[in-house]
Amino acid sequence: MAKIVSFSNQKGGVGKTTSCVNISAQIANKGKRVLMIDMDPQGNATSGLGVPKSKLKKTIYDVVIGKCDISDAIIKTRFKNLSIIPATINLAGAEIELHDLEEANDEKFNYLAEGIEKIREDYDYIFIDCPPSLGMLTVKALSLSDGVVIPMQCEFYSLEGMSQLFNTIKRIHQLFNPSLRIVGILLTMYNGRLTLTNQVVNELKKYYQDKLFKVPISRTVRISEAPGYGEPICYHDPYGKGSLEYAAVAKELMTRI
Ligand SMILES: Nc1ncnc2c1ncn2[C@@H]1O[C@H](COP(=O)(O)OP(=O)(O)OP(=O)(O)O)[C@@H](O)[C@H]1O
Ligand SMILES: [Mg+2]
């Protein structure tokens, strides 16, 4: 039975997609069956795995609004054990449709959760890449997840958004999903030589010591160029720093959930 983990942070550009793609590929490469769900209309996780968006017939949008069976939207990637439900910009429409319909009849809106239950046995892990907002798509994702990973950069503004994110997670936990918990906070684009980085890390340790993943992900050119090749870092640069760090985080994640 798959464990479901969302990568979420309402702040943009903090490394959610990069972490979701690379951790998914890493764990799949180690022999686990992994399904990645792209829940972001930007579709970055989709292109990060080299899936051409223009040719897609079915996407997560169709699943979310109940227009197709979930198994028809799953694509096997060219990477070992790794499948994806892709997203395109049309998912942005679902956010609005969901909102209207959800108010009208909440029951109707469980297509995604129901779909996932049907295929849950087929995977060991399902990882969801959330958009940079705390809107309906994120709420949907968190409502059906066992855990959430929070990628964050070591910057001053990163700390500001944390309490809001923690409150949202707490509310979803109380209202919809008692099994939701924080798997960990993952520091991304890390540069230990910067004073600011160390200040932020010290601040984080004060409040969230036990939540921090042991290994931060360094800022590297290889990590940022990999999506341009449609490849996760463990294929693009298997022995590089970024790949080794994501491998360590993937390993720790599996012990945490
Ligand atoms: N460790 C890293 N080193 C260098 N560049 C990185 C690293 N992690 C992410 N990036 C780059 O930073 C940018 C933002 O990363 P990413 O898209 O993963 O963030 P995100 O949180 O998913 O963004 P959004 O909120 O728009 O969905 C991307 O261009 C990505 O390639
Ligand atoms: Mg993203």
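**Briefing: an open mixed sheet and its surroundings**

N81 is partly exposed, with a relative accessible area of 34%, and this residue lies in the loop between β3 and β4. The model described here is a predicted one, and its framework is an open sheet of 7 strands, arranged in the order β3-β4-β2-β5-β1-β6-β7 with mixed pairing. The edge positions are taken by β3 and by β7 (181–188), each of which pairs on one side only.

**The β3–β4 hairpin and its loop**

- Strand β3 (residues 75–76) pairs with β4 in the antiparallel sense over 2 bridges, and within this pairing I75 stands opposite I84 of β4.
- The hairpin formed by β3 and β4 has 5 residues between the strands, and in this hairpin N81 takes a positive phi near 60 degrees; that is a positive value in a residue other than glycine.
- N81 counts as partly exposed because its relative accessible area of 34% falls between the limits of 20% for buried and 50% for exposed residues.

**Strand β4 and its partner β2**

- Strand β4 (residues 82–85) is covered on both faces, since L82 and I84 on one side and S83 and I85 on the other are all buried.
- Strand β2 (residues 34–38) pairs with β4 in the parallel sense over 4 bridges, and in that pairing the bridge partner of L35 in β4 is S83.

**The surroundings of L35**

- L35, which has its place in strand β2, has a relative accessible area of 0% and is therefore buried.
- Once neighbours within four places in sequence are left aside, L35 is in contact with I74, S83, I84, I85, I119, Y123, Y125, I126 and F127; two of these contact residues, S83 and I85, are also named among the buried residues on one side of β4.
- I74 lies 39 residues from L35 along the chain, yet the C-alpha atoms of the two residues are separated by 8.3 Å.

**Strands β6 and β7, and the helix that packs on the sheet**

- Strand β6 (residues 147–153) and β7 run parallel and are joined by 7 bridges, and P151 has L186 as its bridge partner in β7.
- Helix α12 (residues 241–256) packs on the sheet, where it touches β1 (3–7), β5 (125–129), β6 and β7, and the direction of this helix makes about 170 degrees with that of β7.

**The loop after β7**

- M189 is placed in the loop between β7 and α9, and this residue has a positive phi of about 50 degrees although it is not a glycine.
- With a relative accessibility of 28%, M189 counts as partly exposed.

**Helix α9 and a nonpolar surface patch**

- L196 is found in helix α9 (residues 195–208) and is partly exposed, with a relative accessible area of 39%.
- Together with F156 and Y157, L196 makes a nonpolar surface patch of about 350 Å².

**The enclosed helix α7**

- Helix α7 (residues 136–143) has 6 of its 8 residues buried, so this helix is largely enclosed by the rest of the structure.
- The buried residues in α7 are L137, T138, V139, K140, A141 and L142, a list that includes the lysine K140 alongside residues such as L137 and V139.

Methods: Residues numbered from 1 in each chain as written. Chains lettered and ligands numbered in written order. Predicted model: local features only at pLDDT ≥ 70, side-chain atom pairs only at ≥ 80, totals over all residues. Heavy atoms only, no water. Buried < 20%, exposed > 50% of the residue type's maximum accessible area, 1.4 Å probe, protein only. Pairing = 2+ DSSP bridges. Contact = heavy atoms within 4.5 Å. Axes fitted to C-alpha atoms, helices over the stretch in contact; angles between N-to-C directions. Patch = residues over 30% accessible without salt bridge, like charges linked within 9 Å, V, L, I, M, F, W, Y side chains within 5 Å. Areas by Shrake-Rupley, 256 points an atom, 1.4 Å probe, with all protein chains shown as cover. Salt bridge = Lys/Arg side-chain N within 4 Å of Asp/Glu carboxyl O.
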